[in-house]
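Trainee: Could you walk me through this protein's fold, with the reasoning spelled out as we go?
Mentor: Gladly; have a look at it first.

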Amino acid sequence: MHISEGVLSPAVLGGGAALTFVGTAIGLKKLDYEAIPRVAILSAAFFVASLIHVPVGPVGLHLVLNGLMGLLLGWLAFPAILIALFLQALLFQFGGLTVLGVNTFTMAAPALICFYAFRGFLRRGGKIAAMAAFACGFTAILLSGVLVAMALLFTGQAFLEVAELVALAHLPVMIIEGIITLFVFLFFQKVRPEMLEGIYA
């Protein structure tokens, strides 16, 4: 879901950078010593998962895991995703440095929204929590696709068809991400419940 350099307007790039700066600042303020290993592991998982991507117009389809990151990190998803995207842009030219703010926001904001939207259901346990975990992964990708489409539309109407393609192309990714988030959540519930402490805080 990387938007390439040279596509977006300066206004969209500036807005994305500003929003990412605010989100990252809040995330870093909430970061404590005990959370650093969890942030590092999930940032690395995000980095690896999104290395394999299929280009579709100005974006690339790949696993994002932002729903899972939102579920486990909350606000910390902003700095975790920013670091991974920065390294991808620097090492592999995925996305780019000028679009770093927009790319980070389109993935981190849905992660945070899903964290707050589904946290109450995840606390209940049982089938409700399982459905909420799936919905967290599914909805995060849905929202990311919408934000990418909006970024393209705000740049110009010439990207209308591409924006529609972005939203539709991510449907299978939504389902896959929902399943992955569900299984990881169930695994941590049984084996490492401390990884889910942010849900119950």
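What follows is a conversation about a predicted model.

Trainee: Let's begin with the overview. What pattern of secondary structure does the protein follow along the sequence?
Mentor: Keep in mind that this is a predicted model. The protein contains nine helices and two strands. Read along the sequence, they give the pattern α-α-β-β-α-α-α-α-α-α-α.

Trainee: Among contacts between residues at least 6 apart in sequence, what percentage join residues at least 24 apart?
Mentor: As background, the protein has 201 residues, of which 50% count as buried. Taking contacts between residues at least 6 apart in sequence, the share that joins residues at least 24 apart is 78%.

Trainee: Now the interior. Which helix supplies the largest share of the largest nonpolar core?
Mentor: That core has 43 residues, and those with the most contacts inside it are Phe46, Leu71, Leu73, Ile81, Leu122 and Phe185. At least two residues each come from H2, H3, H4, H5, H6 and H8. The largest share is nine residues, and the helix supplying it is H5.

Trainee: There is a second, separate core too. How many residues does it have?
Mentor: Its members include Ile3, Val12, Val148 and Ala151. This second core is separate, and its residue count is ten.

Trainee: Back to H5. How are the residues of its contact with H4 divided into nonpolar, polar and charged?
Mentor: H4 (residues 77-92) and H5 (residues 100-124) pack at an angle of about 145 degrees, with their axes 9 Å apart, and H4 passes H5 in a right-handed crossing. The contact is made by Ala77, Phe78, Ile81, Leu82, Leu85 and Phe86 on the H4 side, and by Leu100, Asn103, Thr104, Phe105, Met107, Ala108, Ala109, Ala111 and Leu112 on the H5 side. The residues of this contact divide into 13 nonpolar, two polar and no charged.

Trainee: What about H3: why is it described as largely enclosed by the rest of the structure?
Mentor: The buried residues in H3 are Asn66, Gly67, Leu68, Met69, Gly70, Leu71, Leu72 and Leu73. H3 is therefore largely enclosed by the rest of the structure, the count of buried residues being eight of the eight.

Trainee: Which residue just after H3 takes a positive phi?
Mentor: At the end of H3, Leu73 is in contact with Arg38, Val39, Leu42 and Ala80, leaving aside neighbours within four places in sequence. Just after H3, a positive phi of about 65 degrees is taken by Gly74.

Trainee: On to the aromatic rings. Which residues do ring pairs link into a cluster?
Mentor: A search of the whole structure finds six aromatic pairs. In one of them, Trp75 and Phe78 are stacked, at 6.1 Å centre to centre with 25 degrees between the planes. Phe78 is buried, because its relative accessible area of 3% is under 20%. Ring pairs link into a cluster the residues Trp75, Phe78 and Phe105.

Trainee: Phe134 and Phe138 also form a pair. Is Phe138 buried or exposed, or partly exposed?
Mentor: The pair of Phe134 and Phe138 is stacked, with 6.1 Å centre to centre and 25 degrees between the planes. Being four residues apart in H6 (residues 126-155), Phe134 and Phe138 are separated by about one helical turn. Phe134 has a relative accessibility of 28% and counts as partly exposed. Phe138, at 26%, is likewise described as partly exposed.

Trainee: H8 appeared in the core list. Which residues does Phe185 touch, not counting those up to four places away in sequence?
Mentor: Phe185 is found in H8 and is buried, with a relative accessible area of 1%. Phe185 and Ala129 are 56 residues apart in sequence and 9.0 Å apart in space, C-alpha to C-alpha. On the stated count, Phe185 touches Leu71, Leu122, Ala129, Ala133, Leu196 and Ile199.

Trainee: Thr181 sits in that helix as well. With which residues is Thr181 in contact, leaving aside neighbours within four places in sequence?
Mentor: Thr181 belongs to H8 (residues 171-190). Thr181 counts as buried, because its relative accessibility is 0%. Its contacts beyond those neighbours are Gly67, Leu68, Leu71, Ala133 and Gly137.

Trainee: Last one: how far apart in space are Ala44 and Ala84?
Mentor: Ala44 lies in H2 (residues 36-49) and counts as partly exposed at 40% relative accessibility. Ala44 and Ala84 are 40 residues apart in sequence, while their C-alpha to C-alpha distance is 6.9 Å.

Terms used
Residues numbered from 1 in each chain as written. Predicted model: local features only at pLDDT ≥ 70, side-chain atom pairs only at ≥ 80, totals over all residues. Heavy atoms only, no water. Axes fitted to C-alpha atoms, helices over the stretch in contact; angles between N-to-C directions. Left-handed = near helix turned anticlockwise from the far one by under 90°. Contact = heavy atoms within 4.5 Å. Nonpolar A, V, L, I, M, F, W, Y, C, P; charged D, E, K, R; others polar. Buried < 20%, exposed > 50% of the residue type's maximum accessible area, 1.4 Å probe, protein only. Phe/Tyr/Trp six-rings, centres within 6.5 Å; stacked < 30°, edge-to-face > 60°. Core = buried A, V, L, I, M, F, W, Y, C linked by side-chain atoms within 4.5 Å.
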